[in-house]
Protein chains: 2
Amino acid sequence: MSKRGSAPTLEDVAAEAGVSRATVSRVVNADPRVSESARERVLAAIDELGYAPNRAARSLVTRQADSIAVVIPETDARVFSDPFFAGTLHGIATALSRTELQMILVMGQPDDGDGRLSKYLRGGHTDGAIITSHHRRDEFWRTAQAAGLPVVFLGRPFAPVPGMPYIDVDNAHGAALAVRHLLEQRRTRIATIAGPVDMVAGADRLAGWRGELRGAGLRDDAVAHGDFTAAGGRAAMEALLASHPDLDGVFVASDVMAVAAMEVLSAHGRSVPDDVSVVGFDNIDTAAEATPALTTIVNPIAAMARQAVGLLLGLMNGDVVPAAVTLSTELVVRDSSIPTSRR
Amino acid sequence: MSKRGSAPTLEDVAAEAGVSRATVSRVVNADPRVSESARERVLAAIDELGYAPNRAARSLVTRQADSIAVVIPETDARVFSDPFFAGTLHGIATALSRTELQMILVMGQPDDGDGRLSKYLRGGHTDGAIITSHHRRDEFWRTAQAAGLPVVFLGRPFAPVPGMPYIDVDNAHGAALAVRHLLEQRRTRIATIAGPVDMVAGADRLAGWRGELRGAGLRDDAVAHGDFTAAGGRAAMEALLASHPDLDGVFVASDVMAVAAMEVLSAHGRSVPDDVSVVGFDNIDTAAEATPALTTIVNPIAAMARQAVGLLLGLMNGDVVPAAVTLSTELVVRDSSIPTSRR
DNA sequence: TTGAAAGCGCTAACAT
DNA sequence: ATGTTAGCGCTTTCAA
């Protein structure tokens with residue numbers, strides 16, 4: 001019988017099984033140094049009492065939180081509406097489900113080392129962190145570093161931090177693939193809706209677009225920036241249409257923005273793909289369902305998430321892990337890029 | 001100076017400030033019974049040492065986890081792709097951001113009282129729980145009840161549990177509004193794509209549809225069930241078209257399914273809204289952006305989430321809280337329901 | 001293989 | 001106003 005009201009403790013189990021607390025602890029933690037008979041009695045007692053270890057007490061002594069933080073320095077509104085984050089979180093959650101680790105979502109604006117976020121990272125609530133959607137000015141990784149917290153970047157940081165590996169996708173190459181495809185469609189005035197300049201993915205995709213265009217001897221001045229949201233994509237497309245009305249192809253740095261851009265093009269009487277070929281980036285679910293179906297670059301989000309978890313676990317385990325892992329992209333051709341005359 | 005390696009503790013701060021641990025604790029917890037001079041010295045020491053309280057130690061003694069669980073008995077794939085959950089989580093996160101509470105997302109298949117989920121609820125990791133997407137067979141609330149954990153249902157449970165309040169939206173009334181609107185468009189063969197029968201929201205919306213149709217003296221046999229996913233909506237629409245080819249109106253129990261259903265209708269050469277009027281439910285962002293724009297019932301998800309957090313906080317605080325809160329719905333008329341001839 | 005005992009960092013009586 | 005002290009439930013030496 002446990003003390004009335006409160007949850008059963010190790011002590012209760014020990015009493016019920018007629019052994020010491022230490023033995024119960026060993027059974028719970030799968031320590032082999034326990035006799036078969038003792039183990040059986042303890043297991044029976046645990047079952048009988050419905051015992052569940054108190055994590056706080058365990059954490060206090062082991063100095064482990066059994067959880068990792070997923071840091072996303074964006075507003076929760078953004079996180080919960082962007083399919084990119086959905087994919088990332090899904091991937092991480094899936095990879096984590098094989099472990100005993102809890103995933104703790106930490107959103108919100110980054111700070112200068114002393115806000116909520118940094119406080120949290122310092123509080124010892126987690127055993128590691130995956131930092132994603134990293135912006136140039138974000139520096140809370142310093143907090144993590146100072147606290148000795150294992151960290152993995154999901155998406156290459158601006159300046160790699162020694163000891164903090166990153167997983168990235170070959171953004172520049174993906175963008176180049178997109179442009180090459182556009183060139184193959186005989187497009188000669190190719191614009192881009194780039195991502196934010198303060199994010200590596202945005203900068204890399206822009207660089208890839210630029211490199212490929214220059215290589216083909218074409219102008220690379222038709223650039224508008226969006227913030228990876230639909231509204232941002234719409235605004236950027238409007239700006240592009242105003243500044244470069246002769247465009248016949250657009251590489252958009254994210255599918256969310258690309259779908260929005262296609263709507264703007266239609267609204268302006270430009271047929272996609274007959275007047276303008278559009279290629280997105282990410283290959284989110286809605287890309288295939290858009291009208292017209294969106295040609296895009298596959299961003300292996302799930303694989304990245306899995307890799308990130310793998311690296312973090314390695315880091316937490318003291319293993320030697322690679323400083324960087326880069327995944328490749330590929331082109332998926334759908335209707336939005338191929339003029340009907342060329343089918 | 002703190003002990004080498006480890007994070008500074010209360011003890012370190014106390015030594016640095018020249019006071020006792022208790023005084024530091026009082027400062028940290030904003031206890032007024034501290035002299036101004038002591039407070040200042042402690043604050044300086046905290047700043048100097050970069051002290052952050054160890055949550056595990058605190059939890060151990062206060063028996064509070066400073067976090068609440070958001071239980072969603074669906075696969076993480078589903079949770080992270082359905083805008084309904086996005087809205088819910090966003091609402092909860094927003095409401096929680098005013099507090100010191102952490103939100104812990106607990107997903108995965110429900111169990112019969114002894115799986116991962118129940119273990120977690122019993123482990124004392126949280127001070128309360130919001131259970132959403134409740135299915136008929138889910139019974140882990142029993143675990144919570146046995147553990148004395150405050151629980152709020154986001155969405156009415158099949159059988160209300162005394163002491164566990166619920167927030168719900170008037171689903172039946174919303175469905176009735178939808179049907180009434182369809183009747184006003186002179187639709188006489190009105191079908192429905194209902195939600196899963198094992199979820200209250202599904203059952204209530206079906207009942208609302210049925211009641212209104214019968215009231216109008218129309219047949220209520222054109223029913224297909226979907227699981228609130230796009231794929232489910234597509235399949236249900238196909239089934240409906242096969243079994244009731246004469247339908248001229250459809251009330252779909254969720255926008256995600258409604259958008260999918262409209263695609264199927266188009267693919268079958270049925271014009272929406274000229275041949276068939278469609279009304280959805282939820283009013284997610286994409287409803288307004290669909291082609292045609294989807295007429296739907298506003299589901300006040302954010303308000304529900306806010307209410308749920310409010311009730312849970314009240315419960316955790318020992319306040320007397322209402323056993324149920326029901327929010328009302330309203331109709332938003334867009335293009336999908338009104339034949340062009342009637343504009 | 002098992003148990004006794006110390007202690008993780010903190011809060012909360014209780015004493016002063 | 002401040003300090004002293006006793007645990008919270010667990011893991012982990014150290015002895016036996």
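Here's a quick look at how the protein chains meet DNA strands C and D in this predicted model.

Residues are numbered from 1 along each chain as its sequence is written, while chains are lettered from A and ligands numbered from 1 in the order in which they are written. Local features need pLDDT of at least 70, side-chain atom pairs count only at pLDDT 80 or more, totals for chains, interfaces and linings use all residues, and side-chain values use heavy atoms, with hydrogens and water left out.

Start with strand C. There are 29 residues around it, and R26(A), S35(A), R63(A), L10(B) and Y51(B) come nearest (near means that a heavy atom of the residue lies within 4 Å). Of the strand C atoms within 4 Å of the protein, 64% are sugar or phosphate and the rest belong to bases.

On to strand D, which also has 29 residues around it, with L10(A), Y51(A), R26(B), S35(B) and R63(B) nearest. Here 58% of the strand atoms within 4 Å of the protein are sugar or phosphate, the rest being base atoms.

Some polar contacts (pairs of N or O atoms within 3.5 Å) are listed here:

| Residue atom | DNA atom | Distance |
|---|---|---|
| R26(A) side-chain N or O | strand C base oxygen | 2.6 Å |
| L10(B) polar backbone atom | strand C phosphate oxygen | 2.3 Å |
| Y51(B) side-chain N or O | strand C phosphate oxygen | 2.5 Å |
| R21(B) side-chain N or O | strand D base nitrogen | 3.2 Å |
| R63(B) polar side-chain atom | strand D phosphate oxygen | 2.3 Å |

As for helices (DSSP runs of H or I, at least four residues, numbered from the N terminus), α4(B) gives the largest share of the surface near strand C, five residues. Near strand D, α4(A) gives the most, with five residues.

Key:
A polar contact is a pair of N or O atoms within 3.5 Å; within protein, one must be able to donate a hydrogen and the other to accept it, and residues adjacent in sequence count only if both atoms are side-chain atoms. Helices (H or I, at least four residues) and strands (E, at least two) are DSSP runs, numbered from the N terminus.
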